[in-house]
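Work through the exercises below with the model open beside you. Try each task before you read its solution.

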Amino acid sequence: MVHLSWYMTVSAILFSMGVFGFLTRRNLIMMLLCIELMLNAINLNLVAISHYMEDMRGQVLVFFIIAVAAAEAAIGLGLIVTLFRNVKSVYTEDLTTLKG
Amino acid sequence: MSNTFLFPVVSPLGPEIFLAAVACCLVIFDSLFKEQRNIFPVISITGATVTTLMVASSKGLGFSGMYNVDGFSVFFKIICLLALIFTVLMSHNHLKVLGVKREGEYYSLMLFACIGMMVMASALDLIVLYLGLELMALSVYCLVGIQKKDKRASEAAIKYFLLGAFASCLFLFGLSYIYGATGTTSLPVVTSFLTGEGIKSNPAFLLGLGLVLIAFSFKVAAAPFHMWTPDAYEGAMTPVTGFMSVAPKAAGFAALSRLLFEAFPALHGNWVLPFEIMIFLTMAIGNITAISQVSIKRMLAYSSIAHAGYALLGLLPGTAQGVSATMNYLFIYLFMNMGAFAVIVLLQQKGLAGERLEDYKGLAKSHPVAAGLMLVFMFSLTGIPPTAGFIGKFNLFVAALNAGYTGMVIWAVIFSAISAYFYLRVVMLMYMHEPQKEVAIVRSGALSAVLVMTLAGVLIIGIYPNDLLHLAGMIFGK
């Protein structure tokens, strides 16, 4: 029997990796992937807690999160494509039009 | 577990369902009627007006207590719907000026965003809150980037998207810890758990709560989580900026007040100190950075950060008086900020024209009415009587003083005095400078209607404040 705390530790590690990657990466697509990593860490957490507590809410929420994450990825990639058409770059250091 | 299936009570969601149907119709009509572009704003405004009337009479609990339509949520929904109506009125002509095609798409996104906000205001369950938040946020990301050929818009959209998605991740991670500690996502049930001492000092629960509050601080643009605000506000189309500065912020405040006062009132002692620091930073960064801006949209972005700081001041004491002061303030802010953005829309052409502060030089000589309107809105944003902005700030400060937060109120007054510098600079540029170049005005009946309504709102609330105050007080006093 794998204990709940193991799952939650893995989830916390995955989430920290996502946060670290999001804050240090300079490529927009990598940042988007880090967000997906964070969302999946959350899903793991919810499923583990839900199973441990024998409560369905967590698993229902996971399905909602998967659906929303798909919409989010579609919009995010769409925005990156329009940005690439205008700026010809997907790196944060080239996003310099807006400042002050 | 019972095996009987109960059909959920959907009647309290009538307005949301109706608005969603209107938004879907807009998407379909967008591809059917490519030529008759004038029908889209008419449909959107009719839909939003009918929804407003439906919201005003809706009441009750839906979906086994996950969705609560009470006076509190109705108040916030009306703020969001009014913001929607004003924005649609402002947009039609402006879209033509900017050459944006696909109007149906634009209005449907705005309607979907508004549904998200209404769901957030009514959510009594963290799952529902999350879905409302995402519906709002995803639609607004698209609205910011709707000018596909514009470099600034796509840059603003991607910056807003990344930080917004990051904030949603923090919210969900916090939510998973709250779920782990209490075994439920329903706010009333979470509240009933908080009576025990154990849960109050449970580090996992407090971490979860902290992350959820940080996520909403992102949404209401409170420092130090405000980094996206200036860029997103500057890059978006001006009507969208006006919408973003009012409606999503009001929805964020609705969710935040519900979390802090209905779900976690017992934890007031835990969050009050971080909140004080956050409010101080928000007011300081918003007001001081606004001074050095050259773009009026960017200046108003920092000003909206500062106003989020004042509005949070009402949540700080944890009293009904404070919350009703915040609600009033957001209602007043709707009129004054929408009005200021409507004046910018009036002056704006394709490109940067009408967006720089120097474009306002000598406006009083070339366009006295536009300058006069801007004067009223700038006075109101500063908080000078007899405008509504004064009443709003006065109530917030009184609520905070009554609860004993004298230090915070002194800081708030100091920062409002600083804010007079950059608001009144616009007035000075308009009235005390000679016109430098010809500034063209894009007139339209709809835009004039917005200007008249916002002006009336600012002056009527400023001169007869009592009715509004009683309304919000009654709602929250329950």
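The exercises cover the chain contact, two helices, one alanine and some backbone details.

This is a predicted model, in which local features need pLDDT of at least 70, side-chain atom pairs count only at pLDDT 80 or more, and totals for chains, interfaces and linings use all residues. Residues are numbered from 1 along each chain as its sequence is written, while chains are lettered from A and ligands numbered from 1 in the order in which they are written.

**Exercise 1. Describe the side of chain A that touches chain B.**

Step 1. Count the residues. Chain A puts in 33 residues and chain B 37 residues. Contact here requires C-beta atoms, placed from the backbone, within 7 Å.

Step 2. Find the helices. Helix 1 (4-24), helix 2 (28-53) and helix 3 (57-87) of chain A each supply at least two residues. Helices are DSSP runs (H or I, at least four residues), numbered from the N terminus. Helix 3 of chain A gives the most, with 16 residues.

Step 3. Sort by class. The side of chain A that touches chain B has 23 nonpolar, seven polar and three charged residues. Ala, Val, Leu, Ile, Met, Phe, Trp, Tyr, Cys and Pro count as nonpolar; Asp, Glu, Lys and Arg as charged; the others, Gly among them, as polar.

**Exercise 2. Which residues of helix 2 of chain B are buried, and which face carries the exposed ones?**

Step 1. List the buried residues. They are Phe40(B), Pro41(B), Ser44(B), Gly47(B), Ala48(B), Thr51(B) and Val55(B). Buried means 20 or more other C-beta atoms within 10 Å of the residue's own, exposed 12 or fewer, with C-beta atoms placed from the backbone.

Step 2. Place them around the axis. They cover an arc of only 130°, so they sit on the same side of helix 2 of chain B. The arc is that of the directions from the helix axis to the C-beta atoms. An α-helix has 3.6 residues a turn, so residues three or four places apart point the same way.

Step 3. Check both faces. The buried residues pack against helix 1 (14-32), helix 3 (71-98) and helix 4 (103-122) of chain B. The face turned away from the buried side carries the exposed residues Val42(B), Thr46(B), Leu53(B) and Ser57(B).

**Exercise 3. Where is Ala157(B), and why does it count as buried?**

Step 1. Locate it. Ala157(B) is in helix 6 of chain B.

Step 2. Count neighbours. Ala157(B) counts as buried because it has 31 C-beta neighbours inside 10 Å.

Step 3. Name the contacts. Leaving aside neighbours within four places in sequence, Ala157(B) touches Leu79(A), Tyr141(B), Val144(B) and Gly145(B).

Step 4. Look along the chain. Ala232(B) is 75 residues away in sequence, yet the two C-alpha atoms are separated by 6.4 Å.

**Exercise 4. Find the cis peptide bonds and positive phi values in the loop between helix 9 (203-219) and helix 10 of chain B.**

Step 1. Recall the background. Most residues other than glycine have a negative phi, and most peptide bonds are trans.

Step 2. Check omega. A cis peptide bond joins Ala223(B) and Pro224(B), with omega about 0°. Pro224(B) is found in this loop.

Step 3. Check phi. Ala221(B), also in this loop, has a positive phi of about 60° although it is not a glycine.

Step 4. Check burial. Ala221(B) is buried, because 29 other C-beta atoms lie within 10 Å.

Technical notes: Two residues are in contact if their C-beta atoms, placed from the backbone, lie within 7 Å.
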